[in-house]
Amino acid sequence: MSTIQDHGGRAAVVLRRFSRSTSAMLLYVVAAGSVTLGVASSGSFLEGPSVRVFLQYLATPILIGLAQMVALCVGQLNLAVGALGGFTACLVGVLMADHGVPAAVAVPVGLLTATAVGLATGIVIVATQINGFIVTLATMTILLGAQYRLTGTRTVDGYSPTLRDLGTAAPLNIPLVFLTAIAVAAALAAFMYRTVAGRRLLAAGGNPLAARLSGISTDRQTVAAHTLSGLLVGVAAVTATASLPGVNRSVGGDWLLPSFAAPIIGGVALTGGSIAVLGTVLAAFVTRLIDAARAQFSLDPSWANLLIGLVVLGTVAGGRLHRNRMGTSAEPPAVLSTPGGAR
């Protein structure tokens with residue numbers, strides 16, 4: 001009996017903590033936004049075909065948000081998320097369409113290429129000690145040129161029918177690409193929270209000095225974070241290639257803002273040392289809902305970007321204000337001394 005009560009008490013504590021978390025707030029926003037769009041569309045938004053399309057194009061925001069989250073957890077920024085994703089998607093498409101490479105070969109080549117670019121980026125950052133912002137900015141520029149070199153002004157669309165079928169498959173109106181993104185999120189959460197390698201990444205980002213004193217190489221963690229980020233971008237590129245009717249130089253061009261929006265809105269600190277897998281996934285839902293609302297009410301696309309940017313800015317400012325208040329409240333009270341000393 002006491003064991004059941006203990007488990008019930010622990011469950012109550014967990015639920016209480018979750019109800020106060022950023023993820024819980026985002027879950028409420030997702031529910032409210034879905035209902036609002038359902039009412040505005042006279043119920044069509046909640047019907048099977050609409051849900052399928054919504055979830056199909058939600059996979060990429062989730063994956064690129066997770067890729068940026070991994071870089072942020074060690075205090076780094078990855079400005080090359082969109083360029084690397086676009087280059088990888090075009091590489092996979094060109095290999096299949098122009099060179100007849102089977103999807104079973106082209107997809108692993110794309111994943112390995114994206115991972116290798118992430119590895120090289122991390123190595124350059126560590127070897128040169130140049131700020132990751134500058135290195136990933138340079139990487140982004142190089143990859144944009146390489147992407148244009150691959151496709152030019154054309155759209156590559158003659159690739160594997162099998163990959164296309166997988167990209168559009170949706171049993172029970174739940175796309176396989178969305179299930180892939182959720183599976184990747186679950187695997188990433190298990191890796192970060194349950195493995196020594198994941199905890200080392202968080203330790204290196206949270207307190208680099210303490211991590212070094214504990215024998216953790218912060219340089220290795222920086223390289224590992226960018227490598228893992230590259231792999232996740234590669235997965236996003238493959239899902240995008242499978243879902244889109246074709247790939248061209250515009251793929252990945254609008255990925256940068258959502259890649260930052262999802263983890264930051266989800267509760268990830270820019271200073272490193274924290275992750276929020278569930279929060280990032282839910283924040284990607286929110287950004288996708290904003291885009292769906294834009295389409296529903298026939299708004300200009302710039303309004304969606306403006307709103308997402310304002311939410312990101314507000315989240316960062318609110319987090320900074322909260323930390324400042326916590327720091328002020330944690331300061332010990334001043335002790336007034338007297339000429340005669342304390343008695």
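Is Asp291 buried, partly exposed or exposed? In this predicted model, Asp291 comes out as partly exposed, because its relative accessible area is 32%, and the cut-offs put anything under 20% in the buried class and anything over 50% in the exposed one. Let's start from that aspartate and see what surrounds it.

Asp291 sits in helix H14, which covers residues 277-296, and so does Arg288. Three residues separate the two, about one turn of the helix. Their side chains form a salt bridge, with the closest N and O atoms 3.5 Å apart. Look the other way along H14 and you'll meet Arg294, again three residues from Asp291 and again about one turn of the helix away. Here too the side chains meet in a salt bridge, this time at 3.3 Å from N to O. Put the pieces together and Arg288, Asp291 and Arg294 are linked in a network of salt bridges. Now compare how the solvent sees two of these partners: Arg288 has a relative accessible area of 13%, so it counts as buried, whereas Asp291, at 32%, is partly exposed.

How many salt bridges does a search of the whole structure find? The count is three. Besides the pairs in H14, there's one between Asp98 and Arg154, whose closest N and O atoms are 2.5 Å apart. This pair ties together distant parts of the chain, 56 residues apart. Asp98 belongs to helix H5 (residues 81-99), while Arg154 is in the loop between helix H7 (132-151) and helix H8 (161-168). As for accessibility, Asp98 is at 40%, so it counts as partly exposed. Arg154 falls in the partly exposed class as well, because its relative accessibility is 34%. The general idea is a familiar one: side chains of opposite charge can pair when their charged atoms come close.

For a contact of another kind, turn to helix H9 (residues 176-194) and helix H12 (residues 218-243). These two pack at an angle of about 170°, with their axes 10 Å apart. Angles over 145 degrees count as roughly antiparallel, so that's the label for H9 against H12. On the H9 side, the contact is made by Val177, Val184, Leu188 and Phe191. H12 answers with Leu228, Leu232, Val235, Thr239 and Ser243. Sort these residues by class and you get seven nonpolar, two polar and no charged ones. So if you're hunting for charged residues, the contact of H9 with H12 has none to offer, because its members are classed as nonpolar or polar.

Note on methods. Residues are numbered from 1 along each chain as its sequence is written. This is a predicted model: local features need pLDDT of at least 70, side-chain atom pairs count only at pLDDT 80 or more; totals for chains, interfaces and linings use all residues. Side-chain values use heavy atoms; hydrogens and water are left out. Axes are lines fitted to C-alpha atoms, for helices over the stretch in contact, and angles run from 0 to 180 degrees between N-to-C directions. Helices (H or I, at least four residues) and strands (E, at least two) are DSSP runs, numbered from the N terminus. Angles under 35 degrees count as roughly parallel, over 145 as roughly antiparallel, 65 to 115 as roughly perpendicular and the rest as oblique. Contact means heavy atoms within 4.5 Å. A salt bridge is a side-chain nitrogen of Lys or Arg within 4 Å of a carboxyl oxygen of Asp or Glu. Buried means under 20% relative accessible area, exposed over 50%, partly exposed in between (1.4 Å probe, protein chains only).
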